[in-house]
Amino acid sequence: MYFDYLFNRFDYIVKQMKNIGIIGSGFSSLSAACYLAQAGHKVSVYEKNDQIGGRARVLEKKGFRFDMGPSWYWMPDVFESFYADFGKQASDYYQLIRLSPAYRVYFEDSFMDIPNDPMAIYELFESEEKGSAGHLREFLKKAAYNYDVAIKNLVYKPGLSPLELITPQTITHLNQFFTTISHEVRKRFKSKKLIKILEFPVLFLGAKPQNTPSFYSFMNYADFVLGTWYPKGGMYKIVEALESLAIELGVHIHINSPVDKIIINDDEVAGLVIHGKRMLFDVVLSGADYYYTETLLPQEMRVYSERYWKKKTFAPSALIFYVGLSKKIKGLPHHNLFFDEDFELHAKEIYDDPVWPEAPLFYASFTSVTDDSVAPAGKECGFFLIPLAPDLSDDKELHEQYFNDIIKRLEDHTKQSIMDFVEFKESYCVDDFKSDYNSYKGNAYGMANTIMQTAFLRPGIKSKKLRNLYFTGQLTVPGPGVPPALISGKIAADQIVKDITKNQKYEVNI
Ligand SMILES: Cc1cc2nc3c(=O)[nH]c(=O)nc-3n(C[C@H](O)[C@H](O)[C@H](O)COP(=O)(O)OP(=O)(O)OC[C@H]3O[C@@H](n4cnc5c(N)ncnc54)[C@H](O)[C@@H]3O)c2cc1C
C-alpha cells in the first residue's frame, strides 16, 4: 500500500516536470525561464542572435561599450521584487547608482535639471510657475496611490478577464481609465515646460499623453519619487544577472538558434524547428514579437488577423546613433531630453500622419559621465535617439542628415564643438529592428498602453487555439519597458504552472 503511494508520488513528480521551449532571450523570456526552472521544469531558451538580451544587447567598439536599447533604470522595486523571488537582490549582481540630476530637459531657450529628490522638485516647479508645487503634491499623491494599486493589484494579473480590473482599491478609481494623462496634467499646470516634463514619462508607454489613461500617472511617481538609477557597467549588467540566475537554476540557453517553425499536432503545439531540426516540447512560450510568433504557425492556428494588428497603436520605432567621442564633453549630465522643437508636430509625425520628422525631439545619453568603465580614458560614450513612426521606409542618407541636425543642436545648446570629435559612429533604425528582432513594423518597444490596449484588451498571454502555447513580452501584458518585461515573464510562467497543475490533477490518480 505504502509502496503504491510512493510510486504514484514519484510518477506524479515526473509527469509534473515538463519540457518547456522558450523563443527569444529578452527580459521577458529570461524572467519566465527563471520562474519555470524554479518550479522544477526543464527549460531551454532559443535566441536567434549571437547575444542574449533582446533589445537590451550591447555593442562594443574601439573601447566604447554601448547599451543598444534601454538606458533608464526606473522602478527599482520591481527589479528587487523579481530578485527576491529567488532569494537574491540586485546588489548580488551590480551596483546601482541614483543619478543626480535624474535628467536634464532642454527647451528652446533654456534647460531644467530634474533633481533626485521630490522636495527639490517642488521648489523647481514653484520657481517656474507660482502655485505649481501644491498642484504637484496633490498630483503625486494620486500618482503614488495609482502606483501602489498598479503594482499590488493590477500589473501582475494575466489579462484574461475584465474582472481583474475590479478590486476594492480600483473600483472607486475606474474613471482614471477614461480620462487621459494629458487632461490631468493640463488642468493643473499652465507652464509649457512643466507640462512637457510631466507628460514625458508616459512616452515610455508608447503612445501620446492624449491617448494614455490618467491611471498611468504612476509613471510620474516612478520618475520623481522612486528615481532614475544606473547599474554600474551599463544596462547589460541586468541581462548578465538574469543569465547567471537562469543558469544557476538549470536553464539551457542557446544563441544563434532561430526558431523557423512551431510544430502543431491537432490542437496543441508539439515542438519547434531550429536549423531544420525538430525539437519536441510539452509547452512552448514565445518572448519574440507576438505578431511574428504567430507567423510561425499555420494560418488557421493564428488568433489575430492582419487587420487586427494593423489597427493597433504601436510604440514608436527609432533612429539611434551609437557615438564614441575622442574627448570629454563639458557640462552635460547622463540623460538629456531635447524638447526644444515642436512636441505636438513630432507626435503627429509619429502617430497620426507617419512621416520622417521635420524637426524631431531627441534624447542623448552619456553613460561615461557616470561610469568610466564604458569608454576609454578621456573619451565619451554617447547614445542618441530620435523616435520615429513605425514602418517608415528606411534610408541611410537620411540618417546622416538627422545626425548632422541633432549634433548641431547639441553644439548650439552646450556651446562646444562635438562633430569634430566623433571617433566612432554607427546608426540603427527601422530595418535593423525588423531584421535583428523580427519586430512588427520595426517597432522599438512593442505595443502602446492606450485606453483600448490595456490589460485584458492586449493580445493574450495564452493562445486561444493551441492549449500549450503561451506568449510573454512587450506586446502582451502588462506592456513595454524592462520592469513590465520582467513582470510579463512572471505572469506567463505562473499561468503555465497553474495550467500544468490543473491538467495534472485529472491525469494522475494520487
Ligand atoms: C532603443 C530602446 C530604448 C529603450 N529604452 C528603455 C528604457 O530606457 N527603459 C526601459 O525600461 N525600457 C526601455 N526600452 C524598452 C525595453 O527595452 C523593452 O520593452 C524590453 O527590453 C522588451 O523585452 P522583451 O523580452 O519583451 O522583448 P525583446 O527584448 O525584443 O526580446 C525578444 C527576443 O526574441 C528574439 N527572437 C525573435 N525572433 C526569434 C526567433 N525566430 N527565434 C529565436 N529568437 C527570436 C529576438 O532576437 C529578441 O532577442 C527601450 C527599447 C528600445 C528598443
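Biologist: Is phenylalanine 215 buried or exposed?

Modeller: First, this is a predicted model, so local features need pLDDT of at least 70 and side-chain atom pairs count only at pLDDT 80 or more, while totals for chains, interfaces and linings use all residues. Residues are numbered from 1 along each chain as its sequence is written. With C-beta atoms placed from the backbone, 20 or more others within 10 Å of a residue's own make it buried, 12 or fewer exposed, and anything in between partly exposed. Phenylalanine 215 has 27 other C-beta atoms within 10 Å, so the verdict is buried.

Biologist: Which residues does phenylalanine 215 touch, leaving out those up to four places away in sequence?

Modeller: Touching here is contact, meaning C-beta atoms, placed from the backbone, within 7 Å. Glutamine 176 is 39 residues away in sequence, yet its C-alpha sits 5.0 Å from that of phenylalanine 215. The full set of partners is Asn146, Gln176 and Phe177.

Biologist: Phenylalanine 215 lies in a loop between which two helices?

Modeller: Helices (H or I, at least four residues) and strands (E, at least two) are DSSP runs, numbered from the N terminus. On that numbering, the loop is flanked by helix 7 (192-199) and helix 8.

Biologist: How are helix 5 and helix 8 oriented to each other?

Modeller: Axes are lines fitted to C-alpha atoms, for helices over the stretch in contact, with angles from 0 to 180 degrees between N-to-C directions. Angles under 35 degrees count as roughly parallel, over 145 as roughly antiparallel, 65 to 115 as roughly perpendicular, and the rest as oblique. The axes of helix 5 (132-154) and helix 8 (218-226) come within 7 Å and cross at roughly 105°. That pair is therefore roughly perpendicular.

Biologist: And how many charged residues are in the contact of helix 5 with helix 8?

Modeller: Ala, Val, Leu, Ile, Met, Phe, Trp, Tyr, Cys and Pro count as nonpolar, Asp, Glu, Lys and Arg as charged, and the others, Gly among them, as polar. Helix 5 brings residues including Leu140 and Tyr147, and helix 8 brings residues including Phe218 and Val225. The split is 10 nonpolar and two polar, while the charged count is none.

Biologist: What about helix 4 and helix 5, how are those oriented?

Modeller: The axes of helix 4 (118-128) and helix 5 come within 7 Å, crossing at roughly 135°. The relation is therefore oblique.

Biologist: In the open sheet of five strands, which are the edge strands?

Modeller: Two strands pair if DSSP finds at least two bridges between them. The order is 9-2-1-13-19, with parallel pairing. The strands that pair on one side only are strand 9 (252-254) and strand 19 (469-471).

Biologist: Which residue is the bridge partner of glycine 21 in strand 2?

Modeller: Strand 1 (19-23) and strand 2 (42-46) run parallel, joined by five bridges. Opposite glycine 21 you get serine 44.

Biologist: Which helix gives the most to the shell around the ligand?

Modeller: A residue joins the shell if its C-beta atom, placed from the backbone, lies within 6 Å of the ligand. The ligand is surrounded by 37 residues, with Gly24, Gly26, Gly54, Pro70 and Gly473 the closest. Helix 2 (27-38), strand 14 (317-325) and helix 15 (482-507) each supply at least two. The top contributor, with three residues, is helix 2.

Note on methods
Two residues are in contact if their C-beta atoms, placed from the backbone, lie within 7 Å.
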